[in-house]
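Trainee: Got a minute? I'd like to go through this model with you, starting with the ligand.
Mentor: Sure, pull it up and we'll take it piece by piece.

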Amino acid sequence: MIRLEGVQKVYEDGFKALKNINIEFKRGEISVLIGPSGCGKTTTMKLLNRLIEHTEGKVLIDGKDISTIDPIDLRRSIGYVIQHIGLFPHMSIKENVAAVPKLLKWDTERIEKRVTELLNMVGLDPDTYKDRRPSELSGGQQQRVGVIRALAAEPSIILMDEPFSALDPISREQLQDELVRLQKEIQKTIIFVTHDMDEAIKIADQIILMKDGEVVQQGTPVQILQNPANEFVEEFIGKERLQKYRSMPTVEEFMEKRSAIVSPDMPLPKAMKQMEEHHLDTMIVVDGYRQVKGQLSIFQMFNNNDANKLVVDVMKPVKYRVQTGTPLEDALTLMSQHDVHALPVIDKKLGCLGLITKNRMIEGMARIYSMPRKEGA
Amino acid sequence: MEWITDYFQFLAERYPDILKYTVEHLLMSIGSVVLGIVIAIPLGIYLSKTEKKLVNSFAFTIVNVFQTIPTIALLAIMIPFLGIGLKPAMTALFLYSLLPLLRNTYTGIKSVDPKIIEAARGMGYNSLQQLFRVELPLAFPYIISGIRVTTVYIISWTTLAAVIGAGGLGGLILSGLGFNSKPLIFTGTIMAIVIAVLADHLIGRVEKRLSYK
Ligand SMILES: Nc1ncnc2c1ncn2[C@@H]1O[C@H](COP(=O)(O)OP(=O)(O)O)[C@@H](O)[C@H]1O
Ligand SMILES: [Mg+2]
């Protein structure tokens, strides 16, 4: 985990680029720094590998103040991808990818193995590409190499400064998709700078929106899209995108309400009957205060077919949940990401309102997409 | 056709001398260029890195001044300080080699894309690794072409060194003038051209071999 506490940056010319920044980048998440040009995204990012030194406050990585770490060691332990594909033109693809492992004095066999593995990971055939020069690759291929070069020495943190912005739209989307797919495998702490809201929405676990050296809003893409903190955020997101997002179906339109809710002290047979009646395979256990206590699947019921037991005896804890207002598509993404079939729907004020299941969602989506779309969206 | 047989006879008689003058010439020019490389390349690297603008313009002004002094004049100026012979001649030639070597090294390093430098720094190259593994290889085409150009014209200017008694192929030409011997003048000139062309070709091959595409 990375934490910035009261961080300020005043450049040599007296310009105050960062004013009291407090952010947390969570482990294993993609945090996106976004904002208009000149708002301090790159400055913030470069503080983390000490390419820029902050003038006030603290930067902590896993609780350790980075000003106590040797910058060279620090940088070798953090992956770094820059905007204009900073591949070394005089080195082969293999040498480029092997750069940091070589600095770290890995033996050649280990380097060779790692390079092959990484090239395969992004769909570049090692035998075809490893001896080529960067200039012999397309822009998209070059930036794939840029990304795996950052991964080479297995850093847990990766910094990416507008890595895809110089690419054509098709390669850009491909690389975004690949990054999301890759991240599921590698689970790195990624700090990603962009000025492209679509890109941020697509890849971010957390978005940090900046303006004039300050953080304006911070949250998941859904949170920010649903509750833009102020006019600036609304403007930055764009009226059109906001509109589109608001007109998208949300989870509560398709959720099971009371039918999918049982209380912890309900006897199992009764819960089972309710399940059958409503053709459900999962139910959500909610207490009198509308707090989620757990969930109950049809398999747990069969395995514990005991008339004397209560729901509370067999229920399982709930790991993931969605908030009201979450678009169907996002909920579906969450489900496939974590391989779950149902998610409780939580309202910030009212508590648990119901349950959204994969089956019901797919039905709903099918119904929407088979209809003529509303405003040409 | 008689002059050809005459010329071959001349070559047969004088070849030890011709060889001696040629070797002298070669050593003198290569020596000056190598000396130039040893001084100018590190200096060029330093100048490309230093943030002291004053040091920079001072150094470039000095080497520029040497460059503008006519060759024969520079050789002459050397005499009161270093007398005659090899020492003043090589000193003068060395001073001439400085500017192109310095300028090309400086430009080469300065021409490296700052984005690439940033990538290297961000990945954890320390400054020496950055210099030797990134900047110098990328500046190499500039540096080697500086060496090539310098070598060729120093070989040609070395013929003037004989004026202050340093020998070399210029010596052959001067004695040709003294004895009114066309073959001597001719041989001296041709040999100087041959060496220059060969050097140009040789360094050109190194350049091709070692420069990245
Ligand atoms: N070395 C520097 N000296 C002075 N000002 C700088 C320097 N680097 C960046 N800035 C200024 O700091 C602000 C933030 O820059 P940056 O972090 O690069 O913005 P961005 O959000 O576009 O990445 C800009 O106004 C920029 O002009
Ligand atoms: Mg930037």
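Trainee: What classes of residue make up the shell around ligand 1?
Mentor: By class, that shell has 4 nonpolar, 5 polar and 2 charged residues. Keep in mind that this is a predicted model.

Trainee: OK, and which residues surround ligand 1?
Mentor: They sit on chain A. Going along the chain, you meet Tyr11(A), Asp13(A), Phe15(A) and Ala17(A), then Ser37(A), Gly38(A), Cys39(A), Gly40(A), Lys41(A), Thr42(A) and Thr43(A).

Trainee: Which helix gives the most to that shell?
Mentor: Helix α1 of chain A, residues 41-48, which puts 3 residues into the shell around ligand 1.

Trainee: And what do the backbone atoms of Gly38(A) do there?
Mentor: A backbone N or O atom of Gly38(A) is 2.7 Å from an oxygen atom of ligand 1. Gly40(A) has a polar backbone atom 3.0 Å from a ligand oxygen, and for Lys41(A) the distance from a backbone N or O atom to an oxygen of the ligand is 2.9 Å.

Trainee: How much of ligand 1 does the protein bury?
Mentor: Taken alone, ligand 1 exposes 560 Å², and the protein buries 64% of that.

Trainee: Switching topic: what does chain B look like in terms of helices and strands?
Mentor: Chain B has 8 helices and 0 strands, so to speak a run of α-α-α-α-α-α-α-α from the N terminus on. Its C-alpha atoms fill a box of roughly 70 × 40 × 20 Å along the principal axes.

Trainee: How many residues does each chain bring to the contact?
Mentor: Chain B brings 17 residues and chain A brings 21 residues. Between them the two chains bury about 1,900 Å², with 64% of it on carbon and sulfur atoms.

Trainee: How many salt bridges cross that interface?
Mentor: The rule finds 1 salt bridge between chain B and chain A. The partners are Glu118(B) and Lys46(A), whose side chains meet at 3.4 Å, N to O. There are also 5 residue pairs in polar contact across the interface.

Trainee: Which elements of chain B give two or more residues to that side?
Mentor: Those are α5 (114-123) and α6 (127-157) of chain B. The largest share, 8 residues, comes from α5(B). By class, the side of chain B that touches chain A has 9 nonpolar, 4 polar and 4 charged residues.

Trainee: Back to salt bridges, how many are there over all chains?
Mentor: A search of the whole structure finds 21. One to look at is Arg114(A) with Glu117(A), where the side chains meet at 3.1 Å, N to O.

Trainee: Why might side chains like that pair up?
Mentor: Side chains of opposite charge can pair when their charged atoms come close. As for the spacing, Arg114(A) and Glu117(A) are separated by about one helical turn, because they are 3 residues apart in helix α5 of chain A, residues 108-121.

Notes. Residues numbered from 1 in each chain as written. Chains lettered and ligands numbered in written order. Predicted model: local features only at pLDDT ≥ 70, side-chain atom pairs only at ≥ 80, totals over all residues. Heavy atoms only, no water. Contact = heavy atoms within 4.5 Å. Buried area = accessible area lost by both parts, 1.4 Å probe. Salt bridge = Lys/Arg side-chain N within 4 Å of Asp/Glu carboxyl O. Polar contact = N/O pair within 3.5 Å; in protein donor to acceptor, adjacent residues only side chain to side chain. Helix = DSSP H or I, 4+ residues; strand = E, 2+ residues; numbered from the N terminus. Nonpolar A, V, L, I, M, F, W, Y, C, P; charged D, E, K, R; others polar. Near = heavy atom within 4 Å. Areas by Shrake-Rupley, 256 points an atom, 1.4 Å probe, with all protein chains shown as cover.
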